[in-house]
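Trainee: Could you take me slowly through the charged pairs of this protein, and then through the nonpolar interior?

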Amino acid sequence: MDFTPTEEQEAARELAGRIFADLSTHERLRAAGTGTDAELWKALCAAGLPGAVEETGLLGLVLLLEEQGRRTAQVPFAAGCVYGILAVARHGTEEQRSRLLPGLRDGTTVVTGALPAPGAVTSRDGGRLSGAVDWVPWLRDATHVLVPDEDRVLWLVRTEDAAAVEAVELTAPWAAARLVLDGTPAERLGQGGTSAHDDVLAAARIAFAGLQAGVCAGSLARAVEHTSVREQFGRPLSTHQAVQLRAADAHMDTEAIRVTAYEAAWRFDEGLDASGAALTAAWWASEAGKRVVHAGQHLHGGMGADLDHPVHRHFLWGRQLDAYLGCGTELLAELGDLLAKGDLS
């Protein structure tokens with residue numbers, strides 16, 4: 001295994017880092033409220049970063065999502081890439097790729113995913129979907145949503161065709177909505193079958209674990225900065241052993257999230273079985289991610305509870321990602337099932 005970024009991956013990460021640093025500032029995030037920053041999304045697409053994922057692979061996407069997580073940037077980058085560009089590029093028909101990928105690259109088409117949602121939606125009559133998914137991230141920004149049916153076949157639904165798209169507010173500002181389908185027409189992604197579902201779900205788990213790595217790194221960086229200048233008993237908080245130990249634990253947890261996400265993405269890009277590695281990365285992102293963002297909040301003391309201080313966003317994102325990934329116990333149970341079946345390499 002070699003996680004060293006290629007020149008293309010490193011160049012894309014540096015460009016993303018600059019754009020997020022310039023446009024995803026505390027002031028702009030406060031002005032955006034719970035909505036998406038349209039100007040930032042336009043800038044990312046103009047720079048060609050969504051389309052670059054086709055060349056840099058899932059590991060390249062993880063590197064970009066780390067930069068997004070550091071700034072808690074409010075754009076549908078993770079969903080649009082993993083449920084849109086990668087899903088269509090890997091599993092779409094030739095006609096679907098030629099029709100959908102240009103819009104996905106330039107940001108005029110945005111796909112999100114109603115995954116995981118086992119059994120929530122049924123399909124009848126060759127592609128009429130019915131059911132409801134309580135919340136889908138970035139659904140309010142999406143032109144299409146990728147929906148699994150009861151047989152784990154993936155369908156693309158135009159959001160304008162849905163029976164209802166009802167806005168909901170989550171812990172994190174992800175422009176989410178409840179999806180309601182009632183005999184809604186849908187387009188099968190590729191040739192169907194469960195392999196595409198499992199592949200997309202694994203990619204999503206890895207990608208959002210990478211996003212969590214960035215959220216945690218940003219939270220820890222802010223805690224280090226705060227404790228280095230905040231004084232107690234005449235010396236900086238960072239010189240106290242208890243603070244150092246808490247920060248060190250958070251650093252190790254963040255590195256564990258990062259390395260497991262990198263390994264899973266590398267396996268995915270190399271065409272190896274990544275299902276177990278994806279669950280491992282998601283478990284670390286869920287369990288360790290909670291610890292890190294709680295530590296970041298704690299190390300800020302009373303400032304951490306102040307909505308005028310940016311660290312609270314890392315806490316909200318970290319807890320939302322924990323919920324979205326499935327929470328640690330659920331992921332551990334699924335990983336245990338894989339071990340019991342002998343399917344985990």
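Mentor: A salt bridge is taken here as a side-chain nitrogen of Lys or Arg lying within 4 Å of a carboxyl oxygen of Asp or Glu. With that cut-off in mind, and remembering that this is a predicted model, consider glutamate 334 and arginine 205, which form such a bridge with their closest N and O atoms 2.9 Å apart. Because glutamate 334 belongs to helix H11 (residues 328-341) and arginine 205 to helix H7, the pair ties together parts that are 129 residues apart in sequence. Glutamate 334 is partly exposed at 32% relative accessibility, whereas arginine 205 is buried, with a relative accessible area of 12%.

The whole structure holds 22 salt bridges, and two others can be set beside this one. Arginine 70 and glutamate 67 meet through their side chains at 3.6 Å, N to O; both sit in helix H4 (residues 49-71), three residues apart, and so are separated by about one helical turn. Here arginine 70 is partly exposed, with a relative accessible area of 32%, while glutamate 67 counts as buried at 15%. In helix H10 (residues 311-325), arginine 319 and aspartate 322 are likewise placed three residues apart, about one turn of the helix, and their salt bridge has its closest N and O atoms 3.8 Å apart. Arginine 319 is partly exposed at 31% relative accessibility, and aspartate 322 is buried, with a relative accessible area of 4%. Through shared partners, salt bridges join Arg319 and Asp322 with Glu287 and Lys290 into one network.

Histidine 91, in helix H5 (residues 77-91), offers another polar pairing, since its side chain makes a polar contact of 2.7 Å with that of aspartate 199. Setting aside neighbours within four places in sequence, histidine 91 is also in contact with Leu189, Gly190, Ala196 and Val200.

Turning to the interior, the largest nonpolar core has 91 residues, and those with the most contacts inside it are Leu44, Leu58, Leu61, Phe77, Tyr83, Leu146 and Phe208. Helix H7 (residues 194-229) supplies the largest share of this core, 16 residues. Phenylalanine 208, when residues up to four places away in sequence are not counted, touches Ala78, Ala79, Val82, Tyr83, Trp138, Leu321, Tyr324 and Leu325. Apart from the largest core lies another, of 17 residues, among them Ala114, Val136, Val145 and Val147.

Definitions and conventions
Residues numbered from 1 in each chain as written. Predicted model: local features only at pLDDT ≥ 70, side-chain atom pairs only at ≥ 80, totals over all residues. Heavy atoms only, no water. Core = buried A, V, L, I, M, F, W, Y, C linked by side-chain atoms within 4.5 Å. Buried < 20%, exposed > 50% of the residue type's maximum accessible area, 1.4 Å probe, protein only. Helix = DSSP H or I, 4+ residues; strand = E, 2+ residues; numbered from the N terminus. Contact = heavy atoms within 4.5 Å. Polar contact = N/O pair within 3.5 Å; in protein donor to acceptor, adjacent residues only side chain to side chain.
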